[in-house]
Amino acid sequence: MPAAPNPVVCLLGPTASGKTAAALALAARAPLEIISLDSALVYRGMDIGTAKPSAAELATVPHHLIDIIDPVDSYSAAQFVADAERLIGEIRARGREPLIVGGTMLYYKALTQGLNELPQADAAVRAELDALAAARGWPALHAMLAEVDPVTAARLAPNDAQRIQRALEIHRLSGQPMSALLARQAEGRTFAGSAGARFRVIALEPGDRAVLHARIATRFDAMLAGGLIEEVERLRARGDLHPGLPSIRCVGYRQAWEYLDGESDRDTMRERGIAATRQLCKRQLTWLRSTPERLVVDCLAPDYVQQVAALAGLDR
């Protein structure tokens, strides 16, 4: 019998945990190609606010699923699964190993556990919900969600626009709470995961979350100094983008857009951007803690790269 393929190494972690540096260090030790597990890096022209790897970093090792769609378009977990499965096979056919790197935990769950059969996005319903949110605010829509799906509402922040909208959309299209659909589908998935591939999951998690929070603030300030506002100004100047799009809802972009709309001053925009990034970090860590198969490395440890390499089997 042919030998089983090596596990696909997945390097997961919250924002600002050092995933890019670790991935590049691993690529220097073995013939790898990196598959991005990041729902923001897919967008072209959104470089600063997404902390996209630099041109020099991208040139050191092949990267995939970065700069693949326009910000006016959307990219789903289903598309990621299809792309990642294809890429895993293509990379191994070239005699190299795939390394999946990122922090979009929904994509990881879809790849390894399967996809849920939820209603597809409906532009008309989303436009209606966007209009309601513009008139009443997302906390009011969160209250609406609590009436029809209290389980989902309980785990969402009142301003988590993207997830509130999706949960309300699912309820309007199916007539059922999203939480009930997910629970039912968890009992018998229709998609078995990534073609039986095995995964070795390494999670970068901070031993001291306060240090990571400080790193988040420093990085957001660096994005502002590096031209984040100007980047969002260029996106606005296109004329076809708006705050309802998944691309503009990305952390940092939404706050900068609101600032340019005159909804906040620069200091408030900075505070909101840092707070939103910390909230994202918290959600990512919550997802990771619900992943029992993960191997944890303290991303603040001086030798965290060496620890990752050893767990990945690349410490030679």
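Here a biologist and a modeller talk through a predicted model of this protein.

Biologist: Let's start broad: how many helices and strands does the protein have?
Modeller: Remember that this is a predicted model. Its secondary structure comes to 14 helices and six strands.

Biologist: And what is the radius of gyration, set against the globule rule?
Modeller: The globule rule gives 20 Å for 316 residues, and the protein comes close to that, so it is as compact as a globular protein of that length. Along its principal axes the C-alpha trace spans about 60 × 50 × 35 Å. The radius of gyration itself is 20 Å.

Biologist: What share of the residues is buried?
Modeller: Let me take the surface before the inside. The protein exposes about 14,800 Å², with carbon and sulfur atoms supplying 53% of it. As for buried residues, they make up 45% of the 316.

Biologist: Is strand E4 largely enclosed or open, and how many of its residues are buried?
Modeller: E4 covers residues 97-102 and is largely enclosed by the rest of the structure. That follows because the buried residues in this six-residue strand number five.

Biologist: Which residue of E4 is the bridge partner of Ile 35?
Modeller: E4 has pairings with two strands worth looking at. Strand E1 (residues 8-12) runs parallel to E4 and is joined to it by four bridges, with Leu 11 opposite Val 101. Strand E2 (residues 32-37) also pairs with E4 in the parallel sense, over six bridges. There, the partner of Ile 35 is Ile 100.

Biologist: Now for the loop after E1: is Thr 15 buried or exposed?
Modeller: Thr 15 sits in the loop between E1 and helix H1 (19-27), and an unreviewed UniProt entry lists it under "binding site", along with residues including Gly 13 and Lys 19. Its relative accessibility is 10%, and the cut-off for that class is under 20%. So Thr 15 counts as buried.

Biologist: Ala 16 is in that loop too, so which residues does Ala 16 touch, not counting residues up to four places away in sequence?
Modeller: Ala 16 counts as buried at 9% relative accessibility. For Thr 15, the contacts beyond four places in sequence include Thr 277, Cys 281 and Gln 284, as well as Leu 212, Ile 216 and Arg 219. For Ala 16, they are Leu 212, Arg 215, Ile 216 and Arg 219.

Biologist: Which side chain joins that of Asp 70 in a polar contact of 2.6 Å?
Modeller: Asp 70 lies in the loop between strand E3 (63-64) and helix H3 (77-93), and at 19% relative accessibility it counts as buried. Its side chain reaches the backbone nitrogen of Val 72 at 3.0 Å. Not counting residues up to four places away in sequence, Asp 70 touches Tyr 43, Arg 44 and Arg 238. The side chain in the 2.6 Å polar contact is that of Arg 238.

Biologist: Last one: which helices do the buried residues of H12 pack against?
Modeller: Helix H12 spans residues 253-260, and its buried residues are Tyr 253, Gln 255, Ala 256 and Trp 257. Just after H12, Gly 262 takes a positive phi of about 85°. Those buried residues of H12 pack against helix H11 (228-237) and helix H13 (266-289).

Terms used:
Residues are numbered from 1 along each chain as its sequence is written. This is a predicted model: local features need pLDDT of at least 70, side-chain atom pairs count only at pLDDT 80 or more; totals for chains, interfaces and linings use all residues. Side-chain values use heavy atoms; hydrogens and water are left out. Buried means under 20% relative accessible area, exposed over 50%, partly exposed in between (1.4 Å probe, protein chains only). Two strands pair if DSSP finds at least two bridges between them. Contact means heavy atoms within 4.5 Å. UniProt positions are given in the numbering used here, feature names are shortened, and annotations may be inferred rather than shown by experiment. The radius of gyration is taken over C-alpha atoms; the globule rule is 2.2 Å times the number of residues to the power 0.38. Accessible areas come from the Shrake-Rupley method with a 1.4 Å probe; for residues, only the protein chains shown count as cover. A polar contact is a pair of N or O atoms within 3.5 Å; within protein, one must be able to donate a hydrogen and the other to accept it, and residues adjacent in sequence count only if both atoms are side-chain atoms.
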